[in-house]
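User: I am new to this. Please teach me how to read a structure, one feature at a time.

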Amino acid sequence: MLQRRELIAAGIGLLTLRNTSAANQPPLAVFGATARSGRVIIAQALERGYDITGLARSPHKLDIDHPRLQLVKGDIRDVASLEAALDGDEVVICMIGYPTPKDPTQEIGEVDLYTVMARNLITAMTNQGNRRLIIASSTGVETRVGRDAAAPASANPTDMWRFNARYLYADMADMEEMLLGSSLDTVILRPGFMVEEPARNDLKFSTSGDTPPARVVTYEDFADFVLAQVDSNEFVGRPVSIYSDMIMDPAAELKKFQEKMRQQSQQPQ
Ligand SMILES: NC(=O)c1ccc[n+]([C@@H]2O[C@H](COP(=O)([O-])OP(=O)(O)OC[C@H]3O[C@@H](n4cnc5c(N)ncnc54)[C@H](OP(=O)(O)O)[C@@H]3O)[C@@H](O)[C@H]2O)c1
């Protein structure tokens with residue numbers, strides 16, 4: 001099957017490809033198509049009739065096959081691959097993130113993924129003429145400790161995580177600042193801890209920067225909130241935190257994680 005870019009290069013108009021899309025919906029470019037959130041966003045967006053370009057380092061990992069989904073290979077560190085995925089009319093949804101740590105009790109070193117992402121998104125979207133960016137950050141930026149912190153505030157798992165992930169959240173906060181200082185229409189979403197469970201329809205949001213900590217959000221509810229931002233100006237330019245009343249138990253999550261790692265280590269290579 002010809003790729004969308006090849007069709008365009010061959011002079012075949014986008015209308016041909018997009019004629020099944022619901023009226024007046026902009027096409028979407030989902031960067032991070034293989035992310036847990038990216039997959040759910042793509043599935044929900046297809047149900048709603050959007051045309052989607054999904055970008056991933058390994059597109060074959062995405063097991064969704066649909067005539068309105070074009071998958072392209074790309075890396076957020078490679079501006080040319082981002083530009084090649086964009087035509088200028090898409091709303092860009094970026095769910096790319098730092099890989100889940102192998103052990104949350106271990107310190108994460110210097111992170112530059114989020115600031116590189118911000119720089120490359122600004123460059124690629126500006127060059128291609130895309131205006132709107134919807135991107136994931138985290139409620140963790142609100143409670144982050146400084147890069148220069150010497151030790152965790154206490155030995156409880158929440159304080160350990162804040163300390164161990166301080167470079168990650170510092171880089172995320174820098175990303176937010178870069179995007180808000182750019183000329184893009186940026187919607188920054190800060191979800192709480194996300195889980196792969198059915199929708200609960202219980203989302204709350206806050207723009208005050210003091211979101212209640214350790215709250216759980218389902219990927220399904222988050223994806224619904226993301227898609228609501230495609231044509232809403234409510235949160236353009238002001239980061240919004242997304243949470244629920246369900247409280248995560250950090251000690252229990254750590255136990256679950258350690259059990260998962262133990263099981264994986266017992267599996268044959
Ligand atoms: N999960 C949570 O509880 C949570 C909470 C708060 C905020 N967030 C943030 O929300 C966003 C989405 O989270 P998630 O849980 O859906 O993510 P995820 O499942 O951990 O997936 C991360 C994605 O980023 C991609 N990626 C990493 N480096 C890349 C690069 N250089 N170029 C292209 N793709 C790259 C990975 O691709 P590969 O498949 O190629 O590795 C993967 O698809 C992230 O920014 C995360 O930090 C997550």
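Analyst: Gladly! Let's begin with some vocabulary: helices and strands here are DSSP runs, of at least four residues for a helix and at least two for a strand, numbered from the N terminus. Keep in mind that this is a predicted model.

User: Where is alanine 214 found, and what is notable about its phi?

Analyst: The general idea comes first: most residues other than glycine have a negative phi. Now the case here. Alanine 214 sits in the loop between β8 and β9 (216-218), and it has a positive phi of about 55 degrees although it is not a glycine. Asparagine 201 also has a positive phi, of about 55 degrees, without being a glycine. Its place is the loop between β7 (193-195) and β8 (204-206).

User: Is asparagine 201 buried or exposed?

Analyst: We count C-beta neighbours: 20 or more other C-beta atoms within 10 Å make a residue buried, 12 or fewer make it exposed, and anything in between is partly exposed. Asparagine 201 has 10 others within 10 Å, so it is exposed. Alanine 214 has 19, so it is partly exposed.

User: How does the length of helix α5 compare with what should be expected?

Analyst: A helix can be checked with a simple ruler, 1.5 Å a residue. The 16 residues of α5 (residues 113-128) should span 22 Å, and the end C-alpha atoms are 22 Å apart, which agrees. Just after α5 comes glycine 129, with a positive phi near 90 degrees.

User: Which residues of α5 are buried, and what covers them?

Analyst: The buried ones are Tyr114, Met117, Ala118, Asn120, Leu121, Ala124 and Met125. Their cover includes α4 (79-85), β4 (91-94), β5 (132-136) and α7 (166-180).

User: How many residues of α9 are buried?

Analyst: Zero of its 17 residues, so α9 lies largely in the open. The ruler works on this helix too: α9 (residues 250-266) reaches 25 Å from its first C-alpha to its last, close to the 24 Å expected.

User: Which residues of α6 are buried?

Analyst: In α6 (residues 157-164), they are Pro157, Trp161 and Arg162. Looking down the helix axis, we find the buried residues within an arc of 135 degrees, so they line one face of α6. What they pack against is α7 and α9.

User: Which residues touch the most other members of the largest nonpolar core?

Analyst: In soluble globular proteins, nonpolar side chains tend to be buried together. Here the largest nonpolar core has 61 residues, and Val30, Ile41, Ile93 and Cys94 touch the most other members. Take valine 30: leaving out residues up to four places away in sequence, it touches Gly38, Ile41, Ile42, Ile52, Gly54, Leu55, Ile93 and Met95.

User: What does leucine 179 touch?

Analyst: Leucine 179 belongs to helix α7 and has 24 C-beta neighbours inside 10 Å, so it counts as buried. Not counting residues up to four places away in sequence, it touches Ala118, Leu133, Ile135, Leu184, Thr186 and Ile188. Ala118, you may remember, is one of the buried residues of α5.

User: And where does isoleucine 96 lie?

Analyst: Isoleucine 96 is in the loop between β4 and α5. Its 25 C-beta neighbours inside 10 Å make it buried. Beyond residues up to four places away in sequence, isoleucine 96 touches Phe31, Gly32, Ala35, Ile76 and Met117.

User: How far apart are the C-alpha atoms of arginine 36 and glutamate 196?

Analyst: This is a nice lesson in chain distance and space. Those two are 160 residues apart along the chain, and their C-alpha atoms are separated by 8.0 Å. Arginine 36 is in helix α3, and it touches Glu196 and Tyr219, again setting aside residues up to four places away in sequence. With 17 other C-beta atoms within 10 Å, arginine 36 is partly exposed.

User: Last one: how many residues surround the ligand?

Analyst: There are 22, and the closest are Ala35, Ser37, Gly97, Ala136 and Ser138. The elements giving two or more residues to this shell are α3 (36-47) and β7. By type, the shell divides into ten nonpolar, seven polar and five charged residues.

Note on methods: Residues are numbered from 1 along each chain as its sequence is written. This is a predicted model: local features need pLDDT of at least 70, side-chain atom pairs count only at pLDDT 80 or more; totals for chains, interfaces and linings use all residues. A residue is near a molecule or strand if its C-beta atom, placed from the backbone, lies within 6 Å of it. Ala, Val, Leu, Ile, Met, Phe, Trp, Tyr, Cys and Pro count as nonpolar, Asp, Glu, Lys and Arg as charged, and the others, Gly among them, as polar. A nonpolar core is a set of buried Ala, Val, Leu, Ile, Met, Phe, Trp, Tyr and Cys residues joined through C-beta atoms within 7 Å. Two residues are in contact if their C-beta atoms, placed from the backbone, lie within 7 Å. The expected span of a helix is 1.5 Å times one less than its number of residues. The arc is that of the directions from the helix axis to the C-beta atoms.
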